[in-house]
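These are my notebook entries on a single chain, written while I went through the model. I kept to what could be looked up and put each item beside the ones it belongs with.

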Amino acid sequence: MTAPRKQFAEVIADEILVQRAVQGDVAAFEVLIRRHGPLMRAYVTRIVGSLTEADDVAQEAFFIAWRRLPELRDPSAVKAWLMQIASRQAFRHLRRRPAEDPLPILEAAHPADTQPENVAIRNAQLRALATALDTLPPDLRQAWLLREIAELSYDDIAKQLDIPRTTVRGKLSRARASIYAQMEEWR
């Protein structure tokens, strides 16, 4: 895609891109992938614990989305719909993983400040957060990841988990309180 066309594509609303993609416009779907792919990858990485596995899961999620795009009722909700597909695929991937395999340590991105001391502190913080998340019950962890990593609204989380919005609020409150208590030394 040429630079002017690429810039133009980035300002097109998701709804229009979805409509074009449903009609077979591969370039429109590619814009949706570029727009929402990084968030999906980050979210899936946090669930499966590996960038390599996350890439596979995200690719599988996009394949499913391409096939099921005509089923999307509200094109303006494509981000939440894609995150829902990614979430289902990530948790399906975890269920297929042998039970005896521990979750790998999250491969952390390089921080902007690469001083060894700062890198060590940041990595220790990420390990502490990963440990705090691993201690949460699966339902609380999933709600927290959907809100904090996937950036879904409470309503979208409620739909995805098939629970009332008030239950989502309660799960997030309990998850945050637990993480807050476990991360006390990092404040």
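**Entry 1: Met83.** I began with Met83, which lies in helix H5 of what is a predicted model. I looked up its accessibility and found a relative accessible area of 1%, and because the cut-off for buried is under 20%, Met83 counts as buried. I then asked which residues Met83 is in contact with once its neighbours within four places in sequence are left aside. The list reads Leu39, Met40, Tyr43, Ala150, Leu152 and Gln160. For one of these partners, Leu152, I also noted the backbone separation: the C-alpha atoms of Met83 and Leu152 are 8.2 Å apart, although their positions lie 69 residues apart along the chain.

**Entry 2: H4 against H5.** Staying with the helix that holds Met83, I turned to how H5 packs on another helix. Two packed helices are described by the angle between their axes and the distance between the axes, so I looked up both. Helix H4, residues 51–68, and helix H5, residues 78–96, pack at an angle of about 130°, and their axes are 9 Å apart. That angle makes H4 oblique to H5, because it falls neither over 145 degrees, where roughly antiparallel begins, nor within the 65 to 115 range of roughly perpendicular. The crossing of H4 with H5 is right-handed.

I next wrote down the residues of this contact. On the H4 side they are Glu53, Val57, Glu60, Ala61, Phe62, Ile64, Ala65 and Arg68, and on the H5 side Trp81, Leu82, Ile85, Ala86, Gln89, Ala90, His93 and Arg96. By class, the residues of the contact of H4 with H5 comprise ten nonpolar, two polar and four charged.

**Entry 3: H7 against H8.** I repeated the lookup for a second pair, helix H7 with residues 138–149 and helix H8 with residues 154–161, which pack at an angle of about 140° with their axes 10 Å apart. H7 is therefore oblique to H8, and the crossing of H7 and H8 is right-handed. In H7 the contact involves Gln142, Ala143, Leu146 and Arg147, which meet Tyr154, Ile157, Gln160 and Leu161 in H8. Sorted by class, the residues of the contact of H7 with H8 are five nonpolar, two polar and one charged. I noted that Gln160 of this contact is also one of the residues in contact with Met83.

**Entry 4: Ala158 and Asp162.** Within H8 I picked out Ala158, whose relative accessible area of 9% places it among the buried residues. Not counting residues up to four places away in sequence, Ala158 touches Ile163, Pro164, Arg165 and Val168. Ala158 and Ala143 are 15 residues apart in sequence, and their C-alpha atoms are 8.9 Å apart in space.

Past the end of H8, I stopped at Asp162, which lies in the loop between H8 and helix H9 (165–182). Is Asp162 buried or exposed? Its relative accessibility is 69%, and therefore Asp162 counts as exposed. I also recorded its backbone torsion, since phi of Asp162 is near 55°, a positive value in a residue other than glycine.

**Entry 5: Asp14 and Leu17 in H2.** I then went to helix H2, residues 14–22, where I looked up Leu17 and Asp14. Leu17 has a relative accessible area of 2% and is buried; Asp14, at 13% relative accessibility, counts as buried too. With neighbours within four places in sequence left aside, Asp14 is in contact with Leu32, Arg35, His36, Pro75 and Val78. For Leu17 I noted Val31, which is 14 residues away in sequence and 7.6 Å away in space, C-alpha to C-alpha.

**Entry 6: the chain as a whole.** Last, I looked up the totals. The chain has nine helices and zero strands, and its pattern along the sequence is α-α-α-α-α-α-α-α-α. It holds 187 residues, of which 37% count as buried. The exposed area of the chain is about 11000 Å², with carbon and sulfur atoms supplying 53% of it. Where do the contacts between residues at least 6 apart in sequence reach? Of these, 63% join residues at least 24 apart.

Note on methods. Residues numbered from 1 in each chain as written. Predicted model: local features only at pLDDT ≥ 70, side-chain atom pairs only at ≥ 80, totals over all residues. Heavy atoms only, no water. Axes fitted to C-alpha atoms, helices over the stretch in contact; angles between N-to-C directions. Helix = DSSP H or I, 4+ residues; strand = E, 2+ residues; numbered from the N terminus. Parallel < 35°, antiparallel > 145°, perpendicular 65-115°, else oblique. Left-handed = near helix turned anticlockwise from the far one by under 90°. Contact = heavy atoms within 4.5 Å. Nonpolar A, V, L, I, M, F, W, Y, C, P; charged D, E, K, R; others polar. Buried < 20%, exposed > 50% of the residue type's maximum accessible area, 1.4 Å probe, protein only. Areas by Shrake-Rupley, 256 points an atom, 1.4 Å probe, with all protein chains shown as cover.
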